[in-house]
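Dear colleague,

I am handing over the structure that we talked about, and below it you will find what came out of going through it. Please keep it open beside this message while you read.

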Amino acid sequence: ADYLYVIGVGLPRTGTSSLKAALEILGFGPCHHMSHLFYDPQRSLQFLRAFQGHEIDFKELMKGYGSTVDAPTEEFYEKIHQVYPKAKRAFFIHLCFFLFLFNIKHNCDQ
C-alpha cells in the first residue's frame, strides 16, 4: 500500500483483530495491528521512542500499510492523520463499554 486510508482511533480489545481482517478484505490492507510489533522489533523501538517524546517520521513508520488499528497507533492517531490527511478515522467501541456508559447516564438522570 502506498497510502494509509483508515486510522483506527478506538481502544484496544474492542474487536480490533476483526476490524483488521475486515479492512484487509475490503482492500485497505495490509492493516497494521499491535500483533505486528512482536515480529518487527525495529518498528517497536520507533513506537517506544515516540512514547518517550522523540520526533518520529510516521510516514516512514506506516509505510506499506493501507490502514491501522489497535495500540500503539491509536495513541498517535492525530500525528498520523497529519501525515495522511485524507485518511478516514474509524472510532470503534466495545458494546459492553457503551452499555456501561448508557447505564451510568440513565442512572444519573433519575
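Which residue follows α1 and has a positive phi? The residue is Gly 27, with a phi near 95°. Please bear in mind from the start that this is a predicted model, and that the remarks below describe that model.

**The overall plan**

The protein has 110 residues, 35% of which count as buried, and it contains 5 helices and 4 strands. Read from the N terminus, these elements follow one another as β-α-β-α-α-β-α-β-α. The 4 strands make up an open sheet in the order β2-β3-β1-β4, and their pairing is parallel. The edges of this sheet are formed by β2 and β4 (88-90), each of which pairs on one side only. Between β1 and β4 there are 3 bridges in the parallel sense, and one bridge partnership joins Ile 7 to Arg 89 in β4. If you count contacts between residues with a separation of 6 or more, 71% of them link residues that are 24 or more positions apart. The accessible surface amounts to about 7300 Å², and carbon and sulfur atoms contribute 60% of it.

**Helix α1 and its two sides**

Helix α1 covers residues 16-25, and Thr 16, Lys 20 and Leu 23 are buried in it. Looking down the helix axis, you will see these buried residues within an arc of 70°, so they line one face of α1. The general background is that an α-helix has 3.6 residues a turn, so residues three or four places apart point the same way. The buried residues of α1 pack against β1 (6-8), β2 and β3 (67-68), while the face turned away from the buried side carries the exposed residues Ser 18 and Ile 25.

Lys 20 deserves a second look, since its side chain meets that of Glu 24 in a salt bridge, with 3.0 Å from N to O. The two residues are 4 apart in α1, which means that about one helical turn separates them. Lys 20 counts as buried because its relative accessible area is 16%, which is under the 20% cut-off, whereas Glu 24, at 31%, is partly exposed.

**Two further salt bridges**

The count of salt bridges comes to 3. Another one joins the side chains of Asp 40 and Arg 43 at 3.1 Å, N to O; here Asp 40 is partly exposed with a relative accessible area of 25%, and Arg 43 is buried at 14%. There is also a salt bridge between Lys 63 and Glu 60, with an N to O distance of 3.7 Å. In that pair Lys 63 is exposed at 55%, while Glu 60, at 46%, counts as partly exposed.

**Aromatic rings**

The structure holds 6 aromatic pairs. In one of them, the ring centres of Tyr 5 and Phe 28 are 6.1 Å apart and the planes stand at 55°, so this pair is described as tilted. Tyr 5 belongs to the segment before β1 and Phe 28 to the loop between α1 and β2, so the pair ties together parts that lie 23 residues apart in sequence. Both rings belong to one aromatic cluster, which is formed by Tyr 3, Tyr 5, Phe 28 and Tyr 84.

**Loops with less usual backbone**

As general background, most residues other than glycine have a negative phi, and most peptide bonds are trans. In this model a cis peptide bond joins Gly 29 and Pro 30, with omega at about -5°, and Pro 30 lies in the loop between α1 and β2. A cis peptide bond also joins Ala 71 and Pro 72, with omega at about 0°, and Pro 72 is found in the loop between β3 and α4 (77-83). Asp 70 lies in the loop between β3 and α4 and has a positive phi of about 75°, although it is not a glycine; with a relative accessible area of 6%, Asp 70 is buried.

Finally, what does His 33 touch, leaving aside residues up to four places away in sequence? The residues are Thr 16, Ser 17, Lys 20, Val 69, Asp 70 and Ala 71. His 33 itself sits in the loop between β2 (31-32) and α2 (41-51), and at 7% relative accessibility it counts as buried.

With best wishes

Methods:
Residues are numbered from 1 along each chain as its sequence is written. This is a predicted model: local features need pLDDT of at least 70, side-chain atom pairs count only at pLDDT 80 or more; totals for chains, interfaces and linings use all residues. Side-chain values use heavy atoms; hydrogens and water are left out. Buried means under 20% relative accessible area, exposed over 50%, partly exposed in between (1.4 Å probe, protein chains only). Contact means heavy atoms within 4.5 Å. Accessible areas come from the Shrake-Rupley method with a 1.4 Å probe; for residues, only the protein chains shown count as cover. The arc is that of the directions from the helix axis to the C-beta atoms. Rings of Phe, Tyr and Trp (its six-membered ring) pair if their centres lie within 6.5 Å; planes under 30 degrees apart count as stacked, over 60 as edge-to-face and the rest as tilted. Two strands pair if DSSP finds at least two bridges between them. A salt bridge is a side-chain nitrogen of Lys or Arg within 4 Å of a carboxyl oxygen of Asp or Glu.
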